[in-house]
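Reader: Please take a close look at one part of this model and work outward from there. I want the values, with the cut-off behind each term.

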Amino acid sequence: MRFFLDTADLDEIREAASWGVVAGVTTNPSLYARIGGKLADFPEHIQRICKLVDGPVSAEATGVTRDDIIAEGHELAKLAPNVVVKVPTTVEGLAATKTLSAEGVNVNMTLCFSVPQALLAARAGARYISPFVGRFDDISEDGIAALTDVVSAIENYKFDHPVEIIAASLRSANHVTQAALIGADIATVPFGVLKKLVSHPLTDRGLEMFEADWQKVVNAQ
Ligand code: E4P
């Protein structure tokens, strides 16, 4: 499983990239708003992210109609070769995905919550599909079970283009563990979750033990 960073924050991307673990980035309007992003600066901001990351960078189209999504997709795709246009899984989104993917623009179909939605996204030409886990949990449904179903269903079929599943809306190390066990291709995680993935109490305890033992060696000189 590869890791994408789910953020619009350049410092977080720089830091996580320095760990050698970031294979891509996903952004959305909420994440851009969270860093105080301004509409006029959005294209330049996506370009900055694309320069920092050696991998796909999903930038969300905010239009609702197919024509608007396609027009936005064209603008986004011009920003950098690694831009992926993020499109919602709706009828208009499917139609826009069909057009954009036929033109060679990579699309990430987002806000996917079911097997039929995922299969339709793949048939429309989506290069990536993002089933959301945490938002299912938010409504007391089982997000991991829904992700499992999507991964299994997509694996059942051959498509005439590569299709990868991005486990999205992941909120915990357990979500990431389950996504890996299911065989999701990619996990997109906020920086806070990524930091938690590195930590384990026994690692910290092991370091404390080494330090104490090393001090004994030093004191014995
Ligand atoms: C990524 O592509 C999604 O937009 C993101 O993972 C959604 O996460 P959230 O449900 O925590 O907003």
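## A backbone angle and the ligand site

Author: Leu-111 has a relative accessibility of 31%, so it counts as partly exposed (buried is under 20% relative accessible area, exposed is over 50%, and partly exposed lies in between, with a 1.4 Å probe and protein chains only). The model is predicted: local features need pLDDT of at least 70 and side-chain atom pairs pLDDT 80 or more, while totals for chains, interfaces and linings use all residues. Residues are numbered from 1 along each chain as its sequence is written, and side-chain values use heavy atoms, without hydrogens or water.

What makes the backbone at Leu-111 worth a look is its phi, a positive value near 55° in a residue other than glycine. Most residues other than glycine have a negative phi. Leu-111 belongs to strand β5, which runs over residues 107–112 (helices are DSSP runs of H or I with at least four residues, strands are E runs of at least two, and both are numbered from the N terminus).

Val-107 is in β5 too. With a relative accessible area of 0%, Val-107 is buried, whereas Leu-111 is partly exposed. Val-107 also gives a distance across the chain: its C-alpha atom is 23 Å from that of Val-21, and 86 residues separate the two along the sequence.

A positive phi, again about 55°, turns up at Ser-169, which is not a glycine either. Ser-169 is placed in a loop, the one that links β7 (164–167) to α9 (173–182). Its relative accessibility is 9%, and Ser-169 therefore counts as buried.

Ser-169 leads to the ligand. An N or O atom in the side chain of Ser-169 is 2.6 Å from an oxygen atom of the ligand. Two arginines make similar approaches: a polar side-chain atom of Arg-135 lies 2.7 Å from a ligand oxygen, and for Arg-171 the corresponding distance is 2.9 Å. On its own the ligand has 340 Å² of accessible area, and the protein covers 86% of that (Shrake-Rupley method, 1.4 Å probe).

Besides Ser-169, Arg-135 and Arg-171, the residues around the ligand are Asp-6, Thr-26, Asn-28, Lys-86, Phe-132 and Ala-168 (each has a heavy atom within 4 Å of the ligand).

Asp-6 is a ligand neighbour, and Thr-7 is found in the loop between β1 (2–6) and α1 (10–18). Thr-7 is buried, at 4% relative accessible area. Its side chain is joined to that of Glu-12 by a polar contact of 2.7 Å (a pair of N or O atoms within 3.5 Å; within protein, one must be able to donate a hydrogen and the other to accept it, and sequence neighbours count only through two side-chain atoms).

Lys-158 offers a contrast to the buried positions. Its relative accessible area is 79%, so Lys-158 is exposed. Lys-158 sits in the loop that connects α8 (143–155) with β7. The C-alpha atoms of Lys-158 and Ala-122 are 9.9 Å apart, with the two positions 36 residues apart along the chain.

For the frame around these details, the protein chain has 221 residues, of which 44% count as buried. Its secondary structure amounts to 11 helices and 8 strands. The C-alpha trace spans about 75 × 40 × 30 Å along its principal axes.
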